[in-house]
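User: Please take a close look at one part of this model, the strand pairing in chain A, and walk me through it in order.

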Amino acid sequence: MLLALLAFGAGGSVPRPKATVARNGALTVTLPAALLQSREIRQQLTSGLTTVFVLTVTASGDGGTAKGGARIDVRLDLWEEKYLVTVLEPTGQERKLTFAGEAALAKWWSETPVPVTAPRKYGQTVDVEVKLKMLPFSSQEQSDTQRWLSRTLSRGRAPSGEFTPAQSAEILRIIVETSVRRRPLLEYHWSVRAIREAAR
Amino acid sequence: MNSRAAAAILALLSTLSLLAFAYMLRQLSFVSIGLAAHNEVEQQLRQSLDDQKKLARLDPGAGPRYRERFDSVVTLLGHLRVVELNRRDVTRQVEQLLLGVVGLILACGSALYLLERRAREQRLVRLETAVAALSRGESEIVLGERRSDVIGRIAAAVERSARAAAQDRRRLRYLEHLSAWQEAARRHAHEMRTPLTAARMDVERFTATVQQQLPGLTPEIDAAKTSLLEELDRLREFTRSFTSFATIPKPRPRPMDLQRFVTEFCETFAPAWPKLKLAVSHRSHEPYAVSADGEMLRQVLVNLTNNSALAIGDREGTVTFTLSHTGELITLDVTDTGPGILPEIRNRLFEPYTTSRGIGEGMGLGLAISKKILLDHGGDLDSADGDAGGATFRLTLPALAPAPETAP
């Protein structure tokens, strides 16, 4: 929580994302490359766990208010030393990408607009509230770790059912398991004005 | 210390205990989780990853095996990283649970202590009220204490004292009442004795004179004389009863075994009531040691058995003598198989001149005299309903304490 607050407080020092209304009417967000350079995110990206970026936007303007978002999962395959990226768009479409290294990932990150709303009709001016949360692991990894904790903490139990100190700590085991939750490690909040993509 | 101060100290101690417990818990949990997620552990595991990769390159044939190990280590690293990221949450939840349990225990303990303290104060207030009532001479004191702690024992003692005081007052009232009756009887006897003696002498002298002067009337004069003397004898017997009631002697008690005494009484006096069966029953094999005047006690048993015989009449019946210990008292229940005590005289049964028999069949002094004898022994005589519908009279006498054993 302290880290998140610090990140939120330092949000102003991170370059702003770029919001664009695409030609098809979809709102897209391009995230700044500097984000990936921060120490917390670099440490997280190289951990081997899946780092989940949850992007939520609220667009308001002449055409009304629209809400949307997207999810970007990034995991470093430590054997292949490749970044595996999955982008889940608001339309439900899932894109899987692979990058050979950190530089390629940063290039894609900073140059590729991520659609955050389905195509719609926007007014002339669109103000966008962009929120980005970084979750340190995926829900699958959360479940795996809970199962692992359960197995590890249960190893002291006697199969015959006789009383052991480990059995008496059963309630602690359950608490430890259920305490493993996904909480955002970093949160950013920006307000930007969307620009319109030039017509061909 | 008043309740407020006690509660404040209790709360302070509870808070300090909780804080100390929380501090220790935090240290312990951080140590345990910190060991698992220590940097060196992570570094070693990462080194292991590099090693597996190098080994796979050097020995491509065993590549899948190294890859499998590699994946295992990656998974373990991931788990440790997740645990590390959740360290604070895990610690906090465990702390909250244990603090909750300890807090609950402390709260329950404190609540129990305060409730117990409050209950004790209420009991003390009731005890104070009872002691005040006892000092005012009230006898109906019931505290209903069931616990055997100090307050309970004091309450029981207060109740016993109240009962004893009430019994003493009843005895005193009865004895004062009886004393007035005895004084009246003594005066009546005194007033009647002299004229009766004079009348008897006059009858003797008068009949002798008449017989000298009228020898032909001797049979008639003898019959008249006999009749007059019989009436005077009845009056003399009546006066003797008054005298006997007015001058009940002081008992001269001696230690005795009441069971043996009653058994001997039954054997000796059985022929006096041919239609009655006298039986002895006892509920203990211990000796029923009392200090009593045997002659006076026998008089009581004669009175009671005689009453039973008169109540049963011409039928055959049984009088049972049942002995038992009741605390520091020995009781002797005398129960008959007669019709029982008439309800209209039950409340004044021991008052002098109370009788269910007809005029001239008894003075109604026997039970009053018997009760007086028992009271003079430090005991009492009371009536109760018999199990089989007959009358029961209960004699109580103080049990004689056993003599202390002396060293040979």
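Analyst: Strands β5(A) and β6(A), the latter spanning residues 94-99 of chain A, pair in the antiparallel sense over six bridges. Strands here are DSSP runs of E of at least two residues, helices are runs of H or I of at least four residues, and both are numbered from the N terminus. Two strands count as paired if DSSP finds at least two bridges between them.

This is a predicted model, in which local features need pLDDT of at least 70 and side-chain atom pairs count only at pLDDT 80 or more, while totals for chains, interfaces and linings use all residues. Residues are numbered from 1 along each chain as its sequence is written, and chains are lettered from A and ligands numbered from 1 in the order in which they are written.

Within the pairing of β5(A) and β6(A), A:V87 has A:R95 of β6(A) as its bridge partner. The two strands form a hairpin with five residues between them, and A:G92 in that turn has a positive phi of about 95 degrees.

β5(A), residues 82-88, is also joined to β4(A), residues 64-77, by seven bridges, and these two strands run antiparallel. Here A:V85 in β5(A) stands opposite A:V74. This pair forms a hairpin as well, with four residues between the strands; A:E81 in the turn has a positive phi of about 55 degrees.

Both hairpins belong to an open sheet of six strands in chain A, ordered β6-β5-β4-β3-β8-β9, with antiparallel pairing. β6 and β9 (186-193) of chain A are at its edges with a single partner strand each, so one side of each has no neighbour in the sheet. From one strand to the next the twist averages 15 degrees, where axes are lines fitted to C-alpha atoms (for helices over the stretch in contact) and angles run from 0 to 180 degrees between N-to-C directions.

Further along the order, β3 (residues 51-61) and β8 (residues 126-135) of chain A pair in the antiparallel sense over 10 bridges. A:V57 stands opposite A:V130 in β8(A).

Chain A also has an open sheet of four strands, in the order β7-β2-β1-β10, with mixed pairing. Its edge strands are β7 (114-115) and β10 (195-196) of chain A, each pairing on one side only. β1 (residues 18-21) of chain A runs parallel to β10(A) and is joined to it by two bridges; A:I195 in β10(A) is the bridge partner of A:T20.
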